[in-house]
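Reader: I would like to learn how to read disulfides and buried cores in a model. Can you take me through them?

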Amino acid sequence: MKKTTLLSLIALSFLSVGYTQEVKQKTKRLEGIKPENFTPSGMIRCATDEYEELLYSKDPKRMSKEQFEAYIAPYVEQYKNTPANASQSGGIIYIPVVVHVIHNGDAYGTNENITDEQVQSQITVMTQDYRRMAGTPGFNTNAVGADVQIEFVLAKVDPNGNPTNGINRVNLCRDNYNAGSFAEIQDLIDAEVKPQTIWNPTLYMNMWSVNWDGSDLLGYAQFPSNSTSLANTDGVVAGYGFFGSSSLATGNFSPPFDKGRTMTHEVGHFLGLYHTFQGGCAGENNTSGDFCADTPAVASPNGGCSPINSCPTGGNDMIQNYMDYTDDACMNIFTIEQKARITSVMNSMQRRASLKTSTKDQPIPLFANDAELKLERVCTTAGETSCPTGSGPTVKVTIYNRGTSVLTSAVIAYNINGGTSY
């Protein structure tokens, strides 16, 4: 879609709405998180298990774990029998990504309004990790280490067919998304954040960077399911301090989880992987564990980077596996059987298989003169629902140059609710 060119009229209509903030009292340790999902240091490395239980309570038609495993098992066997052809993609799978940076009006690069460079560093880390790239922190020499053959690319086309950098900054006028329990957090995210920002989940992998404000939560993901409901919540979420890598960009990071592995881990769930410590030492039989025989059973989540053998007959814990809870710096492996699961999900599950054929990562022809206009709400005094008497609404208007020529001027025509044009 060609946007209005330079010196042309851009017609706008918008509502004057006041936005209130509801900031609940911060609690250091969230309610509703299972004890096993705390790291030894007390951080909540991942809340995907809790999120899945909440999703299932909202939609009983959603696949249970047992139903998911019964469905995916034949595809995994097919992959193991014909690994050379199992990707069904002719090689590398490229997944278009949109990153929604949720902020409260802070200046670009300040606090939760993280920079483009910090966002891009996260995409780079995930590609290095899923490709097992030599010369990067995502490389390993383990005999069962796998190149998953997935690369992640920031979208180049938005849902309206216009050029984009794949980063969607949205001011929702809320200081943070901390709350008294994880159920309250996910209710806020699912009711307020995702519906207002999500791009078509059959064409984009949606990622959200938000402000947890000291809740100790790093992130969580939505597991794949063939249920057609809950599409408007599909994606992965992380706190802004755990988004991206301090090794690749300057930004707002929270060590030791500052190398981008929170999102590598959550995308693993998004693509069908469980935690390596699933089922504890009973996971050695591979039916109550992570369903990957080449990941040794783990008694409980590991933290830090110290070697350990936590199960009597399981061999040393694979503390380098992205699906454990160890520090970012020591993670560097997906295994052959984890790749089998991911590839099987990408070949068969709704909203995963469609990402393989999405072209939203492909650049489109650019016009010389092509301006994009974005309106951003300005956070008003709590409780204010209308404009002050005798004044117009306060709206931040930003013009982005999506064309190839230098943008020098533009004329903007606007009205309020169909009233007088200015």
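Author: Start with one cysteine. This is a predicted model. Cys173 is buried, because its relative accessible area is 0%, under the 20% cut-off.

Reader: Which residue forms a disulfide with Cys173?

Author: Cys379 does, with the sulfur atoms 2.3 Å apart. Cys379 is partly exposed, at 28% relative accessibility.

Reader: Where in the chain do Cys173 and Cys379 lie?

Author: Cys173 sits in the loop between S4 and H4, and Cys379 in the loop between S8 and S9. They are 206 residues apart, so the pair links distant parts of the chain.

Reader: Is that disulfide left-handed or right-handed?

Author: Read the torsion about the S-S bond. For Cys173 and Cys379 it is about -95°, so the disulfide is left-handed.

Reader: How many disulfides are there?

Author: The count is 3. Cys281 pairs with Cys311, and Cys305 with Cys330. In sequence order of the bonded cysteines, the pairing is 1-6, 2-4, 3-5.

Reader: What does Val298 touch?

Author: Its contacts include Cys281 and Cys311, which form a disulfide. Phe277 is another contact. Val298 and Phe277 are 21 residues apart in sequence, yet 4.5 Å apart C-alpha to C-alpha. Val298 is buried, at 1% relative accessibility.

Reader: Which residues touch the most other members of the largest nonpolar core?

Author: Look for the well-connected members. Among them are Ile95, Tyr130, Phe152 and Met205, in a core of 34 residues. S2 gives the largest share, 5 residues. Phe152 touches Ile95, Tyr130 and Met205, among others. Another core, of 29 residues, lies apart and includes Trp208.

Methods: Residues numbered from 1 in each chain as written. Predicted model: local features only at pLDDT ≥ 70, side-chain atom pairs only at ≥ 80, totals over all residues. Heavy atoms only, no water. Core = buried A, V, L, I, M, F, W, Y, C linked by side-chain atoms within 4.5 Å. Buried < 20%, exposed > 50% of the residue type's maximum accessible area, 1.4 Å probe, protein only. Helix = DSSP H or I, 4+ residues; strand = E, 2+ residues; numbered from the N terminus. Contact = heavy atoms within 4.5 Å. Disulfide = S-S within 2.5 Å. Lists of a residue's contacts leave out its neighbours within four places in sequence.
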